[in-house]
Each structure stands twice: as C-alpha cells, then as structure tokens.
Amino acid sequence: EHSTRTKEEADMEGRVRAELEKIGQQQLLRFWDKIDEEQREHLCKDIESLELERALKVFKETMSAKPSSKDNLAPLPAVEKLAAAGEKAEQWRKTGIDAAAKGKVGLVLLAGGQGTRLGTSDPKGMYNIGLPSGKSLFQLQAERLRRVQKLASEVAGQDVVIPWYVMTSPPTDEKTRSFFKDNEYFGLKKEDVFFFVQGALPCFDFDGNVLLEAAGSVTQAPDGNGGIYRALKRSGALADMEKRGVEFIHVYAVDNAIAKVADPTFIGYCIEKEADCGAKVVAKAHADEAVGVLALVDGKVGVVEYSEMSKEIAHSTSADGELEYNAGNICVHFYTRKFLEDVAELTLVHHFAKKKIPVANDDGEKFKPDENNGFKLEQFIFDVFYLSKNFAALEVVREEEFSPVKNAPGSKADSPDTARALLSNLHRRRLEAAGATIHGEGLVEVSPIVSYDGEGLDAVAKGKEFTAPIHIE
C-alpha cells in the first residue's frame with residue numbers, strides 16, 4: 001500500500017509536518033496512522049488553507065489585547081443629515097455619478113448569510129420578500145445597479161460598468177453562483193460580477209491549540225464579516241479593482257431590502273469630504289434601541305454596541321434635545337481602494353466567544369460536547385474604522401434606506417413583511433411626488449430599471465391614476 005504513495009503525497013506530508021512543528025501544533029496529526037490517503041489529503045488541505053501560522057498570531061494578539069473599556073466615549077463629530085442637505089445633496093449625487101461615469105466606482109455585496117431564520121437554507125439573497133414582481137433580493141439589487149450604470153452611462157456618453165464583487169461563504173457559494181447563472185446575471189455581464197468566498201479560521205481550545213473536528217479534518221468557523229478585507233485581497237478582487245481603475249468602493253449587506261446600491265449621493269458625499277472610509281447611519285428609533293452606534297472611542301471612530309453603553313450615555317441629549325449617541329450603524333460603508341489595500345495586510349485583534357465546538361474524540365470521531373470547550377474568533381467589518389484618517393458619516397432616512405430581512409415572516413420587526421411594506425410605501429410616495437393618484441391599499445412597486453430613487457417618473461406618473469396593487473416595470 002505504502003509503495004504506491006506518490007512523491008507528491010510524501011512531499012505534502014513532509015511540508016505539513018514541518019509547518020506544524022514550527023508552530024507547535026503537531027497534535028493535528030495524532031490520528032495520521034489511522035486514516036486513509038483521502039482523509040490525509042483532506043487534512044493537509046485544511047491545514048494549508050487555514051494559514052495556521054497567521055491564525056495563531058491572531059489568536060495570541062486577541063487573547064493578550066486589553067479589552068476596550070469603551071469608557072472614553074464622545075459622539076461622532078460632523079455627521080451631515082441627508083434630509084437637511086438640500087442643494088448640497090444634488091451636488092453630491094452629481095459627483096458620485098461623475099465618478100461612476102469615469103469607471104471609478106465598484107460595489108461589494110456581503111452575501112454570506114443563509115436564510116435560516118427565514119425558514120430556508122438557501123442564500124439570503126435568493127429570498128423573495130413577496131412583492132408583486134416576485135423578485136428576489138439579488139434581483140432587486142442587480143436591477144438597482146443596472147439603473148445607476150445607466151444614469152452614469154448617460155453622463156459618460158458611453159456604456160459604463162460598475163463591477164459587482166459578491167462575497168459568499170462556503171455554505172452559500174455554489175448556490176449563489178448557480179442562481180446568478182440561471183438568471184443570466186439579472187441583465188448584467190457575467191465578467192462584471194466577481195464572486196469570492198469569505199475566509200475561515202480554525203477553532204482553538206482554552207490552551208490555544210487548534211482543534212480537530214474529526215480524525216481527518218480541522219475545526220473551522222467563518223471569520224466574521226470583517227474577514228472581507230483579507231478575502232478581497234486573497235481572492236484577487238482588489239487586483240481586479242486596480243486593473244479596472246476602480247478607486248471608490250461601496251459595501252452593503254444582502255438582507256437590506258431597500259439598500260441603495262452604488263449610491264451616487266453617498267459616494268459623492270464621501271469623495272467631497274476626501275474620506276478614506278465612511279458609513280451611512282440612521283437616527284435611533286429611541287434611546288434604548290438595541291443597535292450599535294458609531295462614536296469616538298479614545299478619539300478614534302468605532303462602533304459601540306448597545307450592551308456596552310450605560311443607560312446614562314444612551315439617554316444623554318445635546319442642547320437641541322437630540323440624542324448625543326444617535327448614529328445607528330446599518331452596515332453601509334464607503335472605502336477608497338487604497339484604504340482597503342492597507343487594511344488587508346494587517347493582523348487585527350479579533351473578537352472571541354466561548355462555544356461548544358464539535359471535536360474529535362479519542363477514536364477520532366466527531367463528538368458534540370455539553371459545555372464550552374474552546375474559542376471561536378471573528379472580526380467585525382467595522383473593526384477597521386479606527387484606522388481611518390478621515391472618516392465621513394452621512395445620516396440617512398431609515399424609511400428610505402434601511403429595512404433588514406432577518407426574522408421569519410409574521411415577526412413584528414425586520415421581517416419580509418416589514419420590508420415589503422416599507423418598500424411599497426416608499427414607491428407609493430415617489431409615484432405621488434411625481435404627480436400620480438393612487439387608489440386602494442394594495443402593494444405598490446416600481447422596477448429599479450424604471451427609477452433608482454424617484455428620478456424619471458414623470459413620464460409614467462404625471463396626471464395618471466392607478467389602483468393598487470401595481471407593479472410598474
């Protein structure tokens with residue numbers, strides 16, 4: 001049996017053994033003599049793909065980092081409100097459209113999540129929230145992107161591309177790619193949609209040893225949405241941006257049903273502020289809303305979770321009676337490519353949680369423990385904000401820009417029902433603003449191909465009467 005081993009297999013074993021000895025993790029090979037060639041190959045692949053030396057460095061830095069006390073807080077300065085911006089907003093939009101017209105804008109989608117709470121194991125982006133058109137979240141977002149490309153093409157006098165970088169996760173990658181393919185990329189060009197997979201980190205026991213899940217596989221868990229920075233680099237997405245001349249990147253999450261993707265106004269705002277990093281925020285619904293808030297922590301921009309804030313701070317108001325800590329985080333971000341390139345190289349301190357991690361028992365079989373037996377590490381996407389030299393925050397109107405689809409249909413908040421109602425009300429208001437009269441209580445939907453955020457509706461709406469439900473395609 002052993003005589004048939006290829007030189008390649010022997011080399012791989014030698015390489016992996018040497019690497020593990022160097023970093024003191026030889027325990028990962030403790031079942032080596034009991035497993036077959038295929039399992040050995042799988043184990044070696046796990047060990048190599050997880051870049052254990054780097055993972056251990058992350059673990060050590062995370063464990064030795066002083067927990068941020070979040071004592072030294074100050075409100076985020078200079079947050080402009082879109083609703084009060086008037087003519088400035090027009091100028092920001094123009095700046096954003098011009099940047100897109102010059103091919104300088106890219107769009108990144110966080111699409112690693114499955115619709116588990118929605119009752120499906122499919123990628124969340126495939127979910128249909130029940131609009132008259134029956135469109136999935138992916139399709140709505142693709143069509144919004146097509147509309148921004150069209151607006152920019154009109155300015156450029158030629159076809160403009162805003163490349164779309166879609167971050168999937170191991171459980172959603174294959175299904176996401178097939179869904180796009182089966183739907184002909186929703187009218188976008190295949191070569192302008194770039195899929196890449198979120199990274200993973202091994203799990204550790206309390207002594208800092210990497211855990212085996214079974215005799216021939218290493219435990220691993222997704223590295224959090226903050227893994228995007230490293231994944232953009234490792235996948236070649238950053239290199240693709242550079243090749244295309246993309247300089248400004250808009251990032252958003254798939255479950256925001258009314259996300260304004262590649263939003264020219266926000267991008268233009270950040271460009272005019274000469275920001276290297278920026279975020280959209282929404283005012284909190286009330287002082288005790290359980291939402292992370294952007295603030296200055298020790299003088300640097302960070303997100304303070306609701307659980308990390310004292311009641312007193314959460315309720316503190318400024319002279320005009322507004323909450324001081326009111327910049328609710330909605331995971332809509334702006335970056336320059338240079339900033340993304342810089343942070344992709346860093347080993348940042350991660351967050352750790354004690355978990356019950358399925359591990360190999362003495363016989364090398366997978367076993368589920370009853371109590372916490374180790375750490376999972378992850379990074380949050382906002383963990384890099386403190387590195388920004390010039391951060392820009394824009395307060396937008398929640399009802400126009402943020403409606404996450406997280407909870408099962410029928411839930412009171414953040415469900416397909418609440419998202420559908422918000423989108424319908426928004427589209428109803430836009431049609432009415434353009435001069436339409438709408439009768440009836442049904443759903444109202446305007447295809448993004450017709451209008452991105454209310455522009456260009458005169459022709460379809462002015463002086464017209466409609467009876468809901470309506471879908472304008």
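How many disulfides does the structure hold? The answer for this predicted model is zero. Two cysteines illustrate this. Cys-270 takes part in no disulfide, and the nearest cysteine sulfur, belonging to Cys-277, lies 8.4 Å away. A disulfide requires a pair of cysteine sulfur atoms within 2.5 Å. For Cys-331, the closest cysteine sulfur is again that of Cys-277, at 12 Å, and this is too far for a bond. Both residues can also be described by their accessibility. Cys-270 has a relative accessibility of 0% and therefore counts as buried. Cys-331, with 15% relative accessibility, counts as buried as well, because the term applies to values under 20%.

Cys-270 leads to its surroundings in the sequence, for it is one of the buried residues of helix H9. This helix spans residues 264-272 and is mostly covered, with seven of its nine residues buried. Besides Cys-270, the buried residues of H9 are Pro-264, Thr-265, Phe-266, Ile-267, Gly-268 and Tyr-269. Both ends of the helix have a local feature that the reader may locate. At the start of H9, a side-chain oxygen of Asp-263 comes to within 3.1 Å of the backbone nitrogen of Thr-265. Just after the helix, Glu-274 adopts a positive phi of about 55°.

Attention may now turn to a pair of helices. Helix H4, made of residues 87-101, packs with helix H5, made of residues 137-156; their axes are 8 Å apart and the angle is about 80°. H4 and H5 are therefore roughly perpendicular to each other, because angles of 65 to 115 degrees are placed in that class. On the side of H4, the contact is formed by Arg-93, Ile-97, Asp-98, Ala-100 and Ala-101, while H5 contributes Leu-151, Ala-152, Val-155 and Ala-156. What is the character of the residues in the contact of H4 with H5, nonpolar, polar or charged? Seven are nonpolar, two are charged and none is polar.

A final stop is a residue outside the helices. Where is the place of Thr-172? Thr-172 sits in the loop that runs between strand S4 (164-168) and helix H6 (173-182). Is this loop residue buried or exposed? With a relative accessible area of 0%, Thr-172 is buried. Leaving aside residues up to four places away in sequence, Thr-172 touches Ala-111, Gly-112, Gly-113, Gln-114 and Pro-123.

Notes:
Residues numbered from 1 in each chain as written. Predicted model: local features only at pLDDT ≥ 70, side-chain atom pairs only at ≥ 80, totals over all residues. Heavy atoms only, no water. Axes fitted to C-alpha atoms, helices over the stretch in contact; angles between N-to-C directions. Helix = DSSP H or I, 4+ residues; strand = E, 2+ residues; numbered from the N terminus. Parallel < 35°, antiparallel > 145°, perpendicular 65-115°, else oblique. Contact = heavy atoms within 4.5 Å. Nonpolar A, V, L, I, M, F, W, Y, C, P; charged D, E, K, R; others polar. Buried < 20%, exposed > 50% of the residue type's maximum accessible area, 1.4 Å probe, protein only. Polar contact = N/O pair within 3.5 Å; in protein donor to acceptor, adjacent residues only side chain to side chain.
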